[in-house]
Amino acid sequence: MSIINVYPIQFNRVKATLLQCDNKLILVDTGMSIEDADTILHYAKSNLNMPLEKYGEVCIITHCHMDHIGGLKWLKKKCDFKIASHIDEVEKIESATGFNVNLKLKDRETLPYCGGIQFIHVPGHTSGNICLYLQNEALLILGDTLFADEEGNLSPPPNHYSVNPEMSKRELKRLRELDFDKIIVSHGKDTINGAKKKFQLMMERIA
Ligand SMILES: [Zn+2]
């Protein structure tokens, strides 16, 4: 099995994540600004010695909010990677960035990178909101599906940020059946151990 490296990149208010495997880079979300885009380019080049312009394979967008897609158009001017999102987010991403979404995926579809990156559709925050499940790594990349505080305690996204807060809580049950130990969130502290337990505690709290 190939080695997969996971690099969360923290900006002022949000994160993006770089996945590295088989001499390829997979980017998850793009921050909100040209500064965030530059931070990603710099990170890949300086820290990984793998310029995104050369090694970027695909950019997966977890959902269409500006702090996740704002850097995309700046990155796409320099990089030739494909763009992937859930099918329900395609229109909004394309009209906000001017670039086509190449891979329009549905719930449980899997991209063939890093041993398989599965789309788990959890609608509610936005209609095409997804998390990414890397089963071999026991890793969930949650985007805004859940928020975390400074200790890594989880909660559903704040109501005022979600198109349908009730749905976003209800649909969290989709994550129950997955085996995961690590989670990366866009807002708050990530968990590298015992993430399922934290998830279960939160589910009890909001039930
Ligand atoms: Zn959001």
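1. Domain bounds here are those of an automatic or database domain assignment. With that said, this is a predicted model, and the assignment splits the protein into domain 1 (1-106) and domain 2 (117-207). Their C-alpha centres sit 20 Å apart.

2. How do the two halves meet? On the domain 1 side, 22 residues are in contact with 20 residues of domain 2. Within domain 1, the touching side draws at least two residues from each of S1, strand S2 (15-21) and S5. By residue type, that side of domain 1 divides into 10 nonpolar, seven polar and five charged.

3. Now the packing. The largest nonpolar core has 55 residues, and the members that touch the most others are Leu 27, Cys 131 and Leu 132. Strand S9 (residues 130-134) gives this core its largest share, five residues. Domain 1 (1-106) and domain 2 (117-207) both contribute residues, so the core lies between them.

4. Cys 131 deserves a look of its own if you have the viewer open. Leaving out residues up to four places away in sequence, Cys 131 touches Thr 62, Ile 120, Val 122 and Thr 145, along with the run Leu 140, Ile 141, Leu 142 and Gly 143. That run belongs to strand S10 (residues 139-143), which brings us to the pairing around S9.

5. S9 and S10 are antiparallel partners, paired over three bridges. One of the matched pairs is Leu 134 with Leu 139 in S10. The two strands form a hairpin with four residues between them, and Ala 138 in the turn has a positive phi of about 50 degrees. If you plan to go through the backbone torsions, you'll meet that phi at Ala 138.

6. Is S10 mostly covered or mostly open? Mostly covered: five of its five residues are buried. In a regular strand, side chains alternate between the two faces of the sheet. In S10, Leu 139, Ile 141 and Gly 143 point one way while Leu 140 and Leu 142 point the other way, and all are buried.

7. S10 also pairs with strand S13 (residues 182-185), this time parallel, with four bridges joining the two. Leu 140 has Ile 183 in S13 as its bridge partner. So much for the pairing of S10; the rest of this note goes back to domain 1.

8. There is an open sheet of six strands, in the order S1-S2-S3-S4-S5-S6, with mixed pairing. The edges are strand S1 (5-10) and strand S6 (103-105), each of which pairs on one side only. On average, neighbouring strands of this sheet are turned by 20 degrees against each other, direction ignored.

9. Strands of a sheet pair through backbone hydrogen bonds, either parallel or antiparallel. Which sense does each edge of the open sheet use? At one edge, S1 and S2 are antiparallel, paired over six bridges. A hairpin of four residues joins S1 to S2, and Tyr 7 has Leu 18 in S2 as its bridge partner. At the other edge, strand S5 (residues 82-86) and S6 run parallel and are joined by three bridges. There, His 86 stands opposite Leu 105 in S6.

Key
Residues numbered from 1 in each chain as written. Predicted model: local features only at pLDDT ≥ 70, side-chain atom pairs only at ≥ 80, totals over all residues. Core = buried A, V, L, I, M, F, W, Y, C linked by C-beta atoms within 7 Å. Buried ≥ 20, exposed ≤ 12 C-beta atoms within 10 Å, placed from the backbone. Contact = placed C-beta atoms within 7 Å. Pairing = 2+ DSSP bridges. Axes fitted to C-alpha atoms, helices over the stretch in contact; angles between N-to-C directions. Nonpolar A, V, L, I, M, F, W, Y, C, P; charged D, E, K, R; others polar.
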